[in-house]
Amino acid sequence: MKTLSENRAFGGVQGVYSHMSEVCDCEMTFAVFMPPQAKDGPVPCLWYLSGLTCTHENAMTKAGLQAHAAEFGLAVVFPDTSPRGEGVANDEAYDLGQGAGFYVNATEDPWKPHFQMESYVASELRDLVTESFAVSVHHGITGHSMGGHGALTLAMKYPGHYQSLSAFAPIANPTRSDWGRKQLGAYLGSDESQWAGHDATLMLKEKGWSGDVLIDQGADDQFYDLLKPEALVASLVETRTAHSFRLQNGYDHSYYFVSTFARDHVAWHAERLKG
């Protein structure tokens, strides 16, 4: 692991690091904020998964999570959204390829050799973070848009990994959305039965989530129809999953929306991870 930068922030340290990923077969960059409480021992860890076109840097600089993480004593991990670099497959469209990994393990060429983001986030990077930083065994996960999709699906697929869950404007029903069908078809092939394990609305009925979940959605989100929050809410109610779904009037899909409600999410995770 290489240290690319470390900066003092809110009494803690915001660092950016890189390493050679075995599962993605390329150099990957990620960021970690360690709160001041980590000086006294391991702290709970919150994973933040970003959305389409983002790198590790977008949420790190725009979401304002560090101040809240320092207040509540949580580490925050910001992975990249896809593999990158020379020789890594890409597409001219913003919503496929580099910057659009969708947190799945691709089974189709040309994506298969590098696009293994599910295993990267849930296993390889998790192991690296727990070995290299003073974090405890208590982990939560959240994310925005494509990252909200990733947070919901990974939490359900790896129930022992995460003890708390939330999302900002997640892509909630990708098998029924243009933000999903295109990408799942490209990465996983044309057999739609293989897509269901990456759709939070469907996974709730198949696997469920044992805890509760917090979801914030902007009522004025310009991508509302692509996100399909109504399908997720119906599935939460049908499966009797404890949840707080908050439709926020006047808010869109931007990081202004995320940063407005970021403290609520950090507090939500802190209560569950530290309680």
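A residue counts as partly exposed when its relative accessible area falls between the buried range, under 20%, and the exposed range, over 50%. Keep that scale in mind as we follow some charged pairs through this structure, which is a predicted model.

Side chains of opposite charge can pair when their charged atoms come close. Searching the whole structure turns up 11 salt bridges. Let us start close to the beginning of the numbering, with lysine 2 and glutamate 27, whose closest N and O atoms are 3.9 Å apart. This pair links distant parts of the chain, 25 residues apart: lysine 2 belongs to strand 1 (residues 2-9) and glutamate 27 to strand 3 (residues 26-34). Glutamate 27 has a relative accessible area of 34%, so it is partly exposed.

Now move on to helix 2 (residues 65-72), home of glutamate 71, and to helix 9 (residues 255-274), where arginine 263 sits. These two residues form a salt bridge, with 2.5 Å between the closest N and O atoms, and the link spans 192 residues of the chain. Glutamate 71 is partly exposed at 43%, and arginine 263 is partly exposed at 36%.

Stay in helix 9 for aspartate 264, which pairs with arginine 246 in strand 9 (residues 243-248). Their closest N and O atoms are 2.8 Å apart. Because one partner lies in the helix and the other in the strand, the salt bridge ties together parts that are 18 residues apart in sequence. Aspartate 264 is partly exposed, at 32%, as is arginine 246, at 25%.

Finally, look for Asp212, Glu271 and Arg272, which are joined in a network of salt bridges.

Methods: Residues are numbered from 1 along each chain as its sequence is written. This is a predicted model: local features need pLDDT of at least 70, side-chain atom pairs count only at pLDDT 80 or more; totals for chains, interfaces and linings use all residues. Side-chain values use heavy atoms; hydrogens and water are left out. A salt bridge is a side-chain nitrogen of Lys or Arg within 4 Å of a carboxyl oxygen of Asp or Glu. Helices (H or I, at least four residues) and strands (E, at least two) are DSSP runs, numbered from the N terminus. Buried means under 20% relative accessible area, exposed over 50%, partly exposed in between (1.4 Å probe, protein chains only).
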